[in-house]
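Got the viewer open and a selection box ready? Here is a walk through the fold, one click at a time.

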Amino acid sequence: MWDKYKEALWKTLPDLEYQHTWADWEEKGTNLTAKIYTNDYILKSREVDIWDKKSSIYNNILYPKTGANGWAGNLPCFGMDLMGFNEKRVIIVFDFQHPVEGYLMSVPGLPKFEGEYRFFEKGNHFSENIYIAKCNADEVNDHLPMFQKYLDEYKKLLEWETPDGEDTTVYKDFDTYMTELDPVAGYLKGKFGKDKSESLVNDFLFEYK
């Protein structure tokens with residue numbers, strides 16, 4: 001379901017280099033892989049793929065290296081939650097997620113989300129430009145051009161600021177907030193068990209808290 005989105009990511013940032021596979025699980029008909037990538041400006045891209053016969057979920061957050069001059073001292077992460085639960089229930093979310101709490105980021109030229117949505121509160125690490133769409137499985141690629149536009153803007157930020165620091169404490173508040181917010185542990189508990197699901201959240205997804 002998300003092949004063209006992945007292609008867009010790797011095409012935009014072709015130098016993302018595979019580092020290692022943190023998890024490769026298969027239980028109760030559900031598969032999960034968790035992998036790490038990096039490049040000159042990205043501290044880590046931590047990618048999770050979860051799929052079974054009916055659903056396909058792709059989650060990735062790109063953590064930029066630290067020490068940029070603008071944007072409240074550091075660049076935002078680029079996060080994507082691409083969630084296909086079945087043919088009729090698909091939720092697409094991507095955004096510039098700033099590590100500073102209470103900093104409302106806005107990128108000129110990108111649409112601003114109007115309204116409220118559970119889990120995503122603008123100003124608490126989510127920007128004014130958060131993109132949220134609900135659709136059917138056969139409509140997924142309708143949102144691909146906007147995804148590409150966001151990726152292009154993110155690449156411009158990276159190349160303009162050229163961050164090179166590796167101060168992971170910058171992401172402590174961000175990862176703490178996301179741990180409390182993210183529903184993935186509950187979703188995975190019934191599939192892989194409590195220990196595995198909690199380890200994925202604490203040791204892989206949000207390890208900087």
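Start by selecting Lys28, keeping in mind that this is a predicted model. Lys28 sits in the hairpin of S1 and S2, with 2 residues between the strands, and takes a positive phi near 50 degrees. Now extend the selection to both arms. S1 covers residues 17–27, and this strand pairs with S2 in the antiparallel sense over 9 bridges. To check the register, pick Ala23 and look across to Ala34 in S2.

Keep S2 selected and colour residues 30–38 by accessibility. How many of the 9 residues in S2 are buried? The count is 8, so to speak a strand that is mostly covered. Next, follow the chain out of S2: a hairpin of 3 residues leads to S3. S2 and S3 are antiparallel too, with 7 bridges between them. Leu32 is a handy marker here, standing opposite Ile50 in S3.

**Two charged stops on S3**

Select Arg46, which belongs to strand S3, residues 42–51. Is this arginine buried or exposed? Arg46 has a relative accessible area of 0%, so it counts as buried. Show its side chain and draw two distances. One goes to the side chain of Asn59, a polar contact of 2.5 Å. The other runs from the Arg46 side chain to the backbone oxygen of Leu205, at 3.0 Å. If you turn on the contact shell and skip neighbours within four places in sequence, Arg46 touches Lys35, Ile36, Asn59, Asn60, Ile61, Tyr63, Phe204, Leu205 and Phe206.

Move along to Asp49, also in S3. Its relative accessible area is 12%, and because the cut-off for buried is under 20%, Asp49 is buried. Which side chain does the Asp49 side chain meet in a polar contact? That of Lys6, at 2.8 Å. Beyond residues up to four places away in sequence, the contacts of Asp49 include Asn31, Leu32 and Thr33, along with Ile57 and Tyr58.

**The whole sheet**

Hide the side chains and select the strands. There are 7 of them in an open sheet, ordered S1-S2-S3-S4-S5-S6-S7, with antiparallel pairing. Look at the two ends: S1 and S7 (131–135) are the edge strands, and each has a single partner, so one side of each has no neighbour in the sheet. Sight along the sheet and you can follow a twist that averages 10 degrees from one strand to the next.

Now zoom in on S4 (residues 56–64) and S5 (residues 77–86), which pair in the antiparallel sense over 7 bridges. Select Leu62 and find its bridge partner in S5, Phe78. Then bring helix H3 (residues 172–181) into view, packed on the sheet and touching S4, S5 and S6 (89–97). The direction of H3 makes about 165 degrees with that of S4.

**Cysteines**

Try selecting Cys77 and Cys135. Cys77 counts as buried at 0% relative accessibility, and Cys135 is buried as well, with 8%. How many disulfides does the structure hold? The number is 0.

**The loop after S7**

Select Glu139, in the loop between S7 and helix H2 (144–161). Glu139 has 30% relative accessibility, so this residue counts as partly exposed. A polar atom of the Glu139 side chain lies 2.9 Å from the backbone nitrogen of Asn136. For a sense of scale, draw a C-alpha to C-alpha line from Glu139 to Asn31: they are 24 Å apart in space and 108 residues apart in sequence.

**Zoom out**

Finish with the whole chain in cartoon. You should find 5 helices and 7 strands, running α-β-β-β-β-β-β-β-α-α-α-α from the N terminus. The C-alpha trace spans about 50 × 35 × 30 Å along its principal axes. What radius of gyration does the protein chain have? The value is 16 Å, which agrees with the figure near 17 Å that a compact globule of 209 residues would have. Recolour by accessibility and you'll see that buried residues make up 53% of the 209. For a last overlay, draw the contacts between residues at least 6 apart in sequence: 58% of them join residues at least 24 apart.

Definitions and conventions: Residues numbered from 1 in each chain as written. Predicted model: local features only at pLDDT ≥ 70, side-chain atom pairs only at ≥ 80, totals over all residues. Heavy atoms only, no water. Helix = DSSP H or I, 4+ residues; strand = E, 2+ residues; numbered from the N terminus. Buried < 20%, exposed > 50% of the residue type's maximum accessible area, 1.4 Å probe, protein only. Polar contact = N/O pair within 3.5 Å; in protein donor to acceptor, adjacent residues only side chain to side chain. Contact = heavy atoms within 4.5 Å. Pairing = 2+ DSSP bridges. Axes fitted to C-alpha atoms, helices over the stretch in contact; angles between N-to-C directions. Disulfide = S-S within 2.5 Å. Rg over C-alpha atoms; globule rule 2.2 N^0.38 Å.
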